[in-house]
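Colleague: Could you take me through one part of this model slowly, the enclosed space inside it and whatever sits around that? I'd like the terms spelled out as you go.

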Amino acid sequence: MNLARVSIFPLSGALLLPGMDLPLHIFEPRYRALIHDAMARDRRIGMIQPRGVGPVPPLFDVGCLGHVSQIEALDDGRFNIVLTGLARFRVIRELTVPTQFRQVEADVEQAPQEDEVLHAVERAALEQESRRFADTLGYVVDWTAVSRLDDTALVNGIAQIVPFDPAAKQTLLEADTLSERSERIIQLMQIVGRIERDGNATMQ
């Protein structure tokens with residue numbers, strides 16, 4: 001196990017994956033304190049989704065450690081930052097701390113040594129379902145640019161931006177392989193697409 005103390009930013013619906021960027025606007029005092037602390041140490045923050053609501057909601061078991069790769073300090077104390085995903089982590093326990101922000105002891109995964117790739121048929125299926133999904137929801141997409149993405153950027157980029165509910169997003173984060181994440185995306189797109197075509201509410 002690779003145990004580490006991780007300062008966390010619980011945010012429902014926000015998905016960070018290794019190698020991907022997540023822009024965030026930081027305005028709450030406790031998370032301003034989190035940013036100050038991270039910048040004074042190693043610039044690392046753990047993104048994780050809460051399981052519920054309330055002042056101290058329970059957390060999902062798995063999150064993603066991120067590095068503050070860009071930061072803009074605003075005059076009123078807020079921040080615009082970009083977090084770059086480093087590695088997933090699994091919460092072992094929450095720590096009792098005096099800080100405004102929450103901290104956990106976590107088992108941090110080793111970063112993959114090389115990018116995963118999809119089989120050609122998997123890539124084709126994902127692109128086909130993505131086009132169908134975008135058409136159903138009325139999204140305008142530059143498919144030429146999409147076709148130039150490598151498999152990791154394609155799968156993880158879709159996972160971050162699709163309008164799925166937090167539990168569905170969590171299943172994408174917890175997928176152990178790129179192929180598994182791609183298959184889950186396709187399944188979820190098909191479910192949401194059917195809901196949209198039936199004229200009901202989306203999963204978002």
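Modeller: Sure, starting with the walls: the lining of the largest cavity has 8 nonpolar residues, 3 polar ones and no charged ones (Ala, Val, Leu, Ile, Met, Phe, Trp, Tyr, Cys and Pro count as nonpolar, Asp, Glu, Lys and Arg as charged, and the others, Gly among them, as polar). Bear in mind that this is a predicted model, where local features need pLDDT of at least 70 and side-chain atom pairs count only at pLDDT 80 or more, while totals for chains, interfaces and linings use all residues. Residues are numbered from 1 along each chain as its sequence is written, and side-chain values use heavy atoms, with hydrogens and water left out.

The structure holds 1 cavity of 30 Å³ or more, and the largest cavity has a volume of about 50 Å³. A cavity here is a set of points, on a 1 Å grid over the protein atoms alone, where a 1.4 Å probe fits but cannot get out; a pocket is an open set with protein on both sides within 12 Å along at least five of seven lines, and lining residues have an atom within 4 Å of a point. Points are joined across faces, edges and corners, and the volume is the space filled by probe spheres set on them.

Who lines the largest cavity? Ala-14, Leu-15 and Leu-16 do, along with Met-47, Ile-48 and Gln-49, then Val-62, Gly-63 and Cys-64, and finally Gln-170 and Leu-173. The elements giving two or more residues to that lining are β3 (44–48), β4 (62–73) and α5 (166–174), and β4 gives the most, with 3 residues. Those labels are DSSP runs numbered from the N terminus: helices are H or I with at least four residues, strands are E with at least two.

Ile-48 also ties this lining into the strands: besides lining the largest cavity, Ile-48 in β3 is the bridge partner of Pro-10. β1 and β3 run parallel and are joined by 3 bridges (two strands pair if DSSP finds at least two bridges between them). Following β1 (residues 3–10) onward, you reach β6 (residues 103–108), paired with β1 in the antiparallel sense over 5 bridges. Within that pairing, Arg-5 has Glu-105 in β6 as its bridge partner.
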